[in-house]
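Thanks for coming. I'll walk through one chain today, beginning with a single residue and working outward from there.

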Amino acid sequence: MLKKINPTQTDAWKALEIHSQNAKHLHLRDLLQADPQRFDKMHVHLESLLLFDYTKHRVTEETLSLLEQLFTEMDVRGALQSQLRGERINETENRAVLHTALRDPRTEPLLLDGEDVRALAKSELKKMLRFAEAVRSGRKRSHTGMRFTHIVNIGIGGSDLGPRMAVEALKPFSDRALTVHFVANVDGSDLHECLQKIDPETTLFIIASKTFTTQETMANAEAAKSWLIQQLGDAQCVEKHFVALSTNHEKVATFGISKKNNFGFWDWVGGRYSVWSSIGLPLCIAIGSKAFESFLLGAHNIDLHTENQPFRQNIPMLMAALGIWYRNFLGATSHVVLPYDQYLHRFAAFLQQADMESNGKFVDRSGNAVDYPTGPILWGEPGTNGQHAFYQWLHQGTECLPADFIASVHPQHPLHAHHAKLLSNFLAQTKALALGRPAADTAFKVFEGNRPTSTLLLDSLTPYALGALIALYEHKIFYQGVVWNIFSFDQWGVELGKEMANVILPELEGEESLGKHDSSTSALLEYIRARTKD
């Protein structure tokens, strides 16, 4: 189990608090000028994959040494081993956390409650790959005998954000004869607009819900089912046009989906870490089985990297440590992710769930309220779009926060002149944020600089590279949760609003008197009911 250590009581944390008082006066202009070899000391290169440069951070050798000491005192490596061994580190739900096993090609047994989770994962993966290739080749046909041309994934949260982001990111590798759509919001406009774009005879619906009871997902699934039956005029069409990604076989069967078209996963797979499981089916159909296996391998190799590399060569550990430095010692309230790649336009949204649902906690692993900041706000947009939106705030706002800049040396399109322009902006922005412009003809044109950035430079955005990139952030999030002494793999904060919505829904739909609510909620309910009686 994970050790329950208050980080503020460690020697390293106390030393970092003292050190940070001096570090607040450091400026990146001076750090870069003082050490021409700074880049050589502060980058990690993974051959043929990516370069991680953390030169433009407000850290010294002393800072990094103290952060490494903090990771040692908090037993970060021991925590990783506990996770990888299948210990029930998600204590509040009594679950193991083994999404890493989903992408592990090794065949040695990894036992959990007497079952080999690696073997389970490989068996379900084989079934999923076979199904995806049947759809792609046309062997899998619709109710009217036609090839599928539209795939509609109906899910929410991790059952939507991961595959949606990955399908968008890997469009250059996808079969363009297949169009993948995503429906998540219970707002009917989401499904309505999707249904305008698809042909019922050639559409395959994927219903992604572990419990097959998620309100938003099942409302959309039932509506899609009714629409399809109405369009095709035969209730038997459901068997050919719907597949499920779920563990609730009984409810899946009741819906009308056969067992052979139900792809499972396990309670040791958290929703926001599930794109490696059957939840990745829409991605697998889009890019094919070989590319999907490469996606898994990229992530697995990062698992090996972070398990085996020392702190100063360990990219997820460095990412996590730098984030803690700014969050807990330099007062940063948020973290921005800026992919200079339009294919990654959903990456920040995906990371919002992965990071904020994991580490947005105010109670530590002993059940005590923390007295230090935990997970930051995470946000971002693709460059260069963001440059014409919020970069003004990044450069001249009153807050200083760390930013991750992500780009690829080689583009996945033939417009190379565009890519040179993109990369020139990518490089210029990190330089401008670091150095600023201390003197100008007017105060309005002064840039303080000293805004810290990490650079993640991929060779190219391939399935392998995307898998690696996601895994880097997964491990970073976990390490930060370990240092903050919180449980990163539960999400009780999601539940309260759901419970209240289930109480309010029948009051909106019915004529009975309202239950007991606060005055504002009661007034709003009355207002809506009065205007929807007709």
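**One chain, from a helix outward**

Leu 505 is partly exposed, because its relative accessibility is 35%. That falls between the limits of under 20% for buried and over 50% for exposed. The residue sits in helix H19, which covers residues 495-509. Measuring stick in hand, so to speak: from the C-alpha of Leu 505 to the C-alpha of Lys 259 is 32 Å, with the two positions 246 residues apart along the chain.

Before going further, a caution: this is a predicted model. Please hear everything that follows with that in mind.

Now the chain as a whole. There are 20 helices and 13 strands. The radius of gyration is 25 Å, and the globule rule gives 24 Å for 534 residues, so the chain is as compact as a globular protein of that length. In terms of extent, the C-alpha trace spans about 75 × 60 × 60 Å along its principal axes.

Of the 534 residues, 54% are buried. The exposed surface of the chain comes to about 23,200 Å², and carbon and sulfur atoms supply 52% of that area. On charge, I count 53 positive side chains and 61 negative ones. The centres of those two sets lie 4 Å apart.

How much of the contact list links residues 24 or more positions apart? Among contacts with a separation of 6 or more, the share is 73%.

Next, the interior. The largest nonpolar core has 119 residues. Which of them touch the most other members? They are Phe 71, Leu 281, Ile 285, Phe 292, Phe 347 and Leu 466. By element, the largest share of this core comes from helix H18, residues 463-483, with 13 residues. Another core lies apart from it and has 22 residues, including Ile 207, Val 238, Ala 244 and Val 252.

Let me stay with Leu 281 from that list. Setting aside neighbours within four places in sequence, Leu 281 is in contact with Met 128, Phe 131, Ala 132, Ile 206, Val 243, Leu 245 and Phe 263.

Phe 263 deserves its own look. Phe 263 belongs to strand E9, residues 262-263, and its relative accessibility is 1%, so it counts as buried. Beyond residues up to four places away in sequence, Phe 263 touches Glu 124, Lys 127, Met 128, Phe 131, Val 243, Ala 244, Leu 245, Ser 246, Ser 278 and Leu 281. For Ala 244, the C-alpha to C-alpha distance from Phe 263 is 6.2 Å, at 19 residues apart in sequence.

On to the loops. Asn 90 is in the loop between helix H5 (76-85) and strand E3 (111-112). Is Asn 90 buried or exposed? Its relative accessibility is 3%, so Asn 90 counts as buried. Not counting residues up to four places away in sequence, Asn 90 touches Arg 95, Val 97, Phe 489 and Asp 490. In the loop between H5 and E3 we also find Asn 94. Its phi is near 55°, a positive value in a residue other than glycine.

Asn 485 also has a positive phi, near 60°, and is likewise not a glycine. This residue lies in the loop between H18 and H19. With 2% relative accessibility, Asn 485 counts as buried.

Gly 138 is in the loop between helix H6 (117-137) and strand E5 (150-154). At 6% relative accessibility, Gly 138 counts as buried. The C-alpha atoms of Gly 138 and Thr 149 are 9.5 Å apart, for 11 residues along the chain.

Asp 441 is a loop residue on the exposed side of the cut-off: its relative accessible area is 68%. The loop in question runs between helix H17 (416-435) and strand E13 (453-460). From Asp 441 to Ile 156 the C-alpha to C-alpha distance is 52 Å, with a sequence separation of 285 residues.

One item of backbone geometry remains. Where is the cis peptide bond? It runs from Gly 383 to Thr 384, with omega near 10°. Thr 384 is in the loop between strand E11 (377-379) and helix H16 (391-396).

That is what I have for today.

Notes. Residues are numbered from 1 along each chain as its sequence is written. This is a predicted model: local features need pLDDT of at least 70, side-chain atom pairs count only at pLDDT 80 or more; totals for chains, interfaces and linings use all residues. Side-chain values use heavy atoms; hydrogens and water are left out. Helices (H or I, at least four residues) and strands (E, at least two) are DSSP runs, numbered from the N terminus. The radius of gyration is taken over C-alpha atoms; the globule rule is 2.2 Å times the number of residues to the power 0.38. Buried means under 20% relative accessible area, exposed over 50%, partly exposed in between (1.4 Å probe, protein chains only). Contact means heavy atoms within 4.5 Å. Accessible areas come from the Shrake-Rupley method with a 1.4 Å probe; for residues, only the protein chains shown count as cover. Lys and Arg count as positive and Asp and Glu as negative; His and the chain ends are not counted. The place of a charge is taken as NZ of Lys, CZ of Arg, CG of Asp or CD of Glu. A nonpolar core is a set of buried Ala, Val, Leu, Ile, Met, Phe, Trp, Tyr and Cys residues joined through side-chain atoms within 4.5 Å.
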